[in-house]
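Thanks for making the time this morning. I would like to walk you through one structure, and I will try to go slowly enough that you can follow each residue on the screen.

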Amino acid sequence: MTKESHIKSTFKNALIYSGASILTKLVGFVMLPVYASYLRGEGYGILGMIDVTFQALAILIGSGISISMRRLYFLKDAEDSKKIFVSTNVILMFLIVIFITVPAMFFNEEIARLSFGKNGMGYYITIALYTFIFEAVSSNALNYIVIKQRSILYTTVVLFRVFLELFLNIYLIVYMKMGILGYLYSQLITSFTFAFIMHAYVFACVGFHFNRQDTVEIMKFSIPLMPGYIATFFRLNTGRIMLVSYIGLTQVGVFEMLQKFVSLLGVLISEPFLRSWDVKRFEICDNPDAPSIMARVFTLQLAILIFFGLILALEIPLLLKILTPKEFWLGGAIVLIAIGGRILLDSYFQVFFGLLYGNLTFQISIIQFFAAVFTVLFNFLLAKKYGLFGVITATALVNASLCIMGFFMGNKYYRIPYEWGKLVAMTVLGIFLFFIINEISFSSQGISSLLVASLGKPLTN
């Protein structure tokens, strides 16, 4: 394939993947006033702390096994070897998840007390533990569809999940009025169904095999990433812990709500793109023109991120006022910083490619370790004094440090000729446009109050 063909193929598959992501987010936005009204700030705070708890479990499991499937699959020559490798990878993930998760069920009350600061909420943790098991194993099995670049099949399966989850959320949260428990039951049923379907499909395609040599190879790739997962946990959750300590669960809920909007960049653009590109770049990385292809693809991705990021930064404050109760409302400055931090994080997953190419996974852990140190430092300096604004700013600064470290360490092992002139010009233009457009926005002209009054209550009803 030519350089242009590889780029077109990547963005074609990414576009198909994004179809499922767009519909998923659309459904989420339709339901957002419902969730906000039924769960409120404390409910979102509880869900946020459950997420923190299971990120701690995810450390022990790690995503290294999933990454190894995408990296090591293309090093297998024969088709039979690839099938045995995929089967071994999926089975190994299942065994590790069960081994790590089941013992935690015996300490559900203790985990709940640490997470929520309250007694009698262990049942929430138990339900979430079962959900975590099914989520972890199904996500890894889904990798096989991504590796085979069957984007239409992937989209079909994901859309089935979206509508099943939507039906259950409406029934359990709205009709049965079960609140947080309804949300947790909906997640459990959906994740179990999805895990069953994915494993049935994978084993039907590759058969049921378990190879010891493949297991050793997978673990050699994955284990050096483990320290990085521990560091990542602190990097991602120090802000939440600071908010709980200094302000309370409600501010964690506001933080979670903002992240739902900011994550649109990931769900609609970066994640579908990386799902396609992560496979393609390993497929072409040894071609002579691969570095220039990677540089061009990164420029295109950043252009799209800045364009949609600009739109989100301008409109999220208004959307929060229309779709959510007053406790969730935020100003434009904090949203702009959150969007910028997300773009930096998405860029990091591009610039550290050289470390993956060289299977230097322990160096990725080193990057995450230093990022975790910076997270604790920045949050200590900013969170207590500035609250949510300080946490968001600290996150953006840490993501910038990730990009810098990832670039300098990754470029040693796989040099990519980035188009720096275009990258800098697009970034400066995006920031300039934000401040210009923000001066004539709905909020500054007083139109937002009218929109909130006329749309907010009908949408909630």
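What follows is a short tour of salt bridges, aromatic rings, one helix packing and two backbone angles.

Please keep in mind from the start that this is a predicted model, and that the values I quote are computed from it.

Let me begin with the charged side chains, where the count comes to seven salt bridges. One of these joins Glu217 to Lys76, and the closest N and O atoms of the two are 3.0 Å apart. If you look for them on the chain, Glu217 is in helix α8, residues 212–222, whereas Lys76 is in the loop between α2 and α3, so this salt bridge ties together parts that are 141 residues apart in sequence. Are the two partners buried or exposed? Glu217 counts as partly exposed because its relative accessibility is 27%, while Lys76, at 14%, counts as buried, since the cut-off for that word is under 20%. The pair also belongs to something wider, because when Asp214 is brought in, Lys76, Asp214 and Glu217 are linked in a network of salt bridges.

A second salt bridge brings together the side chains of Lys148 and Glu79, with a distance of 3.8 Å from N to O. Here too distant parts of the chain are linked, as Lys148 sits in the loop between α5 and α6 and Glu79 sits in helix α3, 69 residues apart. Lys148 is partly exposed at 27% relative accessibility, and Glu79 is likewise partly exposed, at 39%.

The third one I want to show you is between Glu135 and Arg161, whose side chains meet at 2.2 Å, again N to O. This salt bridge runs from helix α5, which holds Glu135, to helix α6, which holds Arg161, and the two residues are 26 apart in the chain. Glu135 is partly exposed, with a relative accessible area of 23%, but Arg161 counts as buried, at 14% relative accessibility. Arg161 has a further partner, and what sits beneath its charged end? That is the ring of Phe194, whose centre is 5.0 Å from the charged end of Arg161.

That ring leads me to the aromatic residues, for which a search of the whole structure finds 23 pairs. One example is the pair of Phe167 and Tyr171, which is stacked, at 6.4 Å centre to centre and with 10° between the planes. Both residues belong to helix α6, residues 151–175, where they are four residues apart, or about one turn of the helix. Phe167 counts as exposed because its relative accessibility, 54%, is over the 50% cut-off, whereas Tyr171 counts as partly exposed, at 38%.

For another geometry, please turn to Phe307 and Phe308, whose ring centres are 5.2 Å apart and whose planes stand at 85°, so this pair is edge-to-face. Phe307 is partly exposed at 49% relative accessibility, and Phe308 is partly exposed at 39%. Elsewhere there is a whole group of rings, in that Phe298, Phe407, Phe408, Tyr418 and Trp420 form one aromatic cluster.

Now let me move from side chains to helices, and ask how α11 and α13 are placed relative to each other. The axes of helix α11, residues 264–284, and helix α13, residues 332–351, come within 11 Å and cross at roughly 5°. Because that angle is under 35 degrees, α11 counts as roughly parallel to α13. On the α11 side the residues making the contact include Leu265, Phe273, Leu274 and Trp277, and on the α13 side they include Ile339, Ile343 and Phe349. Charged residues also take part in this contact, among them Glu271 and Arg281 of α11, together with Arg342 and Asp346 of α13.

Finally, I would point out two places where the backbone has a positive phi in a residue other than glycine. The first I will mention is Lys177, with phi near 55°, which is found in the loop between α6 and α7 and is exposed, with a relative accessible area of 60%. The other is Asn359, where phi is about 55°; this residue lies in the loop between α14 and α15 and is partly exposed, at 35%.

I will stop there, and we can go back to any of these residues on the screen.

Technical notes. Residues numbered from 1 in each chain as written. Predicted model: local features only at pLDDT ≥ 70, side-chain atom pairs only at ≥ 80, totals over all residues. Heavy atoms only, no water. Phe/Tyr/Trp six-rings, centres within 6.5 Å; stacked < 30°, edge-to-face > 60°. Buried < 20%, exposed > 50% of the residue type's maximum accessible area, 1.4 Å probe, protein only. Lys NZ or Arg CZ within 6 Å of the ring centre and 35° of its normal. Salt bridge = Lys/Arg side-chain N within 4 Å of Asp/Glu carboxyl O. Axes fitted to C-alpha atoms, helices over the stretch in contact; angles between N-to-C directions. Parallel < 35°, antiparallel > 145°, perpendicular 65-115°, else oblique. Contact = heavy atoms within 4.5 Å.
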